[in-house]
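Here is a walk through one protein model, going from the overall build down to single residues. Have the viewer open while you read.

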Amino acid sequence: LFMPPEHKALERATVLEQGFGGAESNVAIGVARLGGSAGWFGVLGDDPFGKMILKTLRGEGVDVSRSILSSEAPTGMMFREHVAGRTAVHYYRKHSAASRMEPEQLDEQYIRGAKLLHVTGITTALSESSRRTVLRAIEIAKEAGVKVCFDPNLRLKLWSIEEARETLLPIAEQADYFLPGWDELKLLYNTDSFEEVKEKLLQLNAVTIVKGFGDTTLVLDNGKETAVPFYPAEKVIDT
């Protein structure tokens, strides 16, 4: 991840800050910081960026022993900027190492030995092979009785809403924990009606956490609905 300091636009920036982003690695780091055991696996380029990401994850206490550095393709990149008070993200992830992941690269025993497998919809959007890899990981987890946590992380810059629905909704049906945002649900189910969306969610087997519904997070568990207010932050840097 590259971004200009001080919330500048990329066109006006002469310096970029380097970091890295990723919905799954954010979760892994969060779990590790809370004292839990977490591992992250995927494919990065065998380049300075991939090595930096693995070293940083390892430094956070995340197990990266099943991750792969590929000499065949580079680490995917994204650039973020602030334009007119809004954040804009530009992806350069086609033909990246992650987009070339194959199911054969999965360590099945590693997944079988976990308590929970966490996946997101972003990986399934990168390519057909990475989509098959995610689906195979879920299949292995289900066979072994490992719970599946799924965050759709809908990114329409990576694919169309029709493609997204075709892939993400069936995964939601397999999940034990489903973590969509309210805006994502409106797009996935093609309705602004909460009652219609709720009816769909209650048909799932998952505990569903709906993020960003007004000023609360909604938890739907076995037909029971619980509202959890946001924790107030004086200054939000990056949600």
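A strand here is a DSSP run of E with at least two residues, and strands are numbered from the N terminus. With that in hand, His-118 can be placed in strand S7. One thing to keep in mind throughout is that this is a predicted model.

**The big picture**

The protein has eight helices and 12 strands. Its C-alpha trace spans about 50 × 45 × 40 Å along the principal axes. How does the radius of gyration of the protein fit with that of a compact globule? For 239 residues such a globule would have a value near 18 Å, and the protein has 18 Å, so the two agree.

Buried residues make up 41% of the 239 residues. As for contacts with a separation of 6 or more, 61% of them come from residues 24 or more positions apart. On the outside, about 13900 Å² is exposed, and carbon and sulfur atoms supply 50% of that. If you care about electrostatics, the protein has 28 positive and 34 negative charges, and their mean positions are 3 Å apart.

**The largest core**

In soluble globular proteins, nonpolar side chains tend to be buried together. In this model, the largest nonpolar core has 35 residues, and the members that touch the most others are Phe-150, Phe-178, Leu-185 and Leu-201. Strands S7 (116–120), S8 (147–151) and S11 (216–221) each supply at least two residues of this core, as do helices H5 (128–143), H6 (161–174), H7 (182–188) and H8 (194–202). Which of these gives the most? That is H6, with six residues.

Phe-150 is a good place to zoom in. Setting aside neighbours within four places in sequence, its contacts include Val-119, Thr-120 and Gly-121, then Leu-168, Ile-171 and Ala-172, and also Tyr-177, Phe-178 and Leu-179.

Pro-152 sits in the loop between S8 and H6. Is Pro-152 buried or exposed? Its relative accessibility is 0%, so it counts as buried. Beyond four places in sequence, Pro-152 touches Gly-121, Ile-122, Leu-168, Phe-178, Leu-179, Pro-180, Glu-184 and Leu-188. Its C-alpha is 9.8 Å from that of Thr-167, and the pair is 15 residues apart in sequence.

**The second core and H1**

A second, separate core holds 12 residues, among them Ala-28, Ile-29, Leu-44 and Ile-53. Leu-44 belongs to strand S3 (residues 43–45). Leaving out residues up to four places away, Leu-44 touches Gly-50, Ile-53, Leu-54, Ile-68, Leu-69, Ser-70, Thr-75 and Ala-97. Val-134, 90 residues from Leu-44 in sequence, is 16 Å from it, C-alpha to C-alpha.

Ala-28 and Ile-29 turn up again in helix H1 (residues 23–33), whose buried residues are Ala-23, Glu-24, Ser-25, Ala-28, Ile-29 and Ala-32. An α-helix has 3.6 residues a turn, so residues three or four places apart point the same way. The buried residues of H1 pack against helix H2 (48–59), S7 and helix H4 (121–126). Just after H1, Gly-35 takes a positive phi of about 95°.

Back to His-118: its contacts outside four places in sequence are Glu-24, Val-27, Cys-149, Asp-151 and Leu-179.

**Two asparagines with unusual phi**

Most residues other than glycine have a negative phi. Asn-153 goes the other way, with a positive phi of about 40°, and lies in the loop between S8 and H6. Asn-190 also has a positive phi, near 55°, and is found in the loop between H7 and H8. Thr-191 lies in the loop between H7 and H8 as well, and touches Lys-186, Glu-196 and Val-197 beyond its sequence neighbours up to four places away.

Here is how accessibility works out for several of the residues discussed.

| Residue | Relative accessible area | State |
|---|---|---|
| Leu-44 | 9% | buried |
| His-118 | 18% | buried |
| Asn-153 | 10% | buried |
| Asn-190 | 62% | exposed |
| Thr-191 | 12% | buried |

The cut-offs explain the labels: buried means under 20% and exposed means over 50%. His-118, at 18%, therefore counts as buried, whereas Asn-190, at 62%, is exposed.

Definitions and conventions
Residues numbered from 1 in each chain as written. Predicted model: local features only at pLDDT ≥ 70, side-chain atom pairs only at ≥ 80, totals over all residues. Heavy atoms only, no water. Core = buried A, V, L, I, M, F, W, Y, C linked by side-chain atoms within 4.5 Å. Buried < 20%, exposed > 50% of the residue type's maximum accessible area, 1.4 Å probe, protein only. Helix = DSSP H or I, 4+ residues; strand = E, 2+ residues; numbered from the N terminus. Contact = heavy atoms within 4.5 Å. Rg over C-alpha atoms; globule rule 2.2 N^0.38 Å. Areas by Shrake-Rupley, 256 points an atom, 1.4 Å probe, with all protein chains shown as cover. Lys, Arg positive; Asp, Glu negative; His and termini not counted. Charge placed at Lys NZ, Arg CZ, Asp CG, Glu CD.
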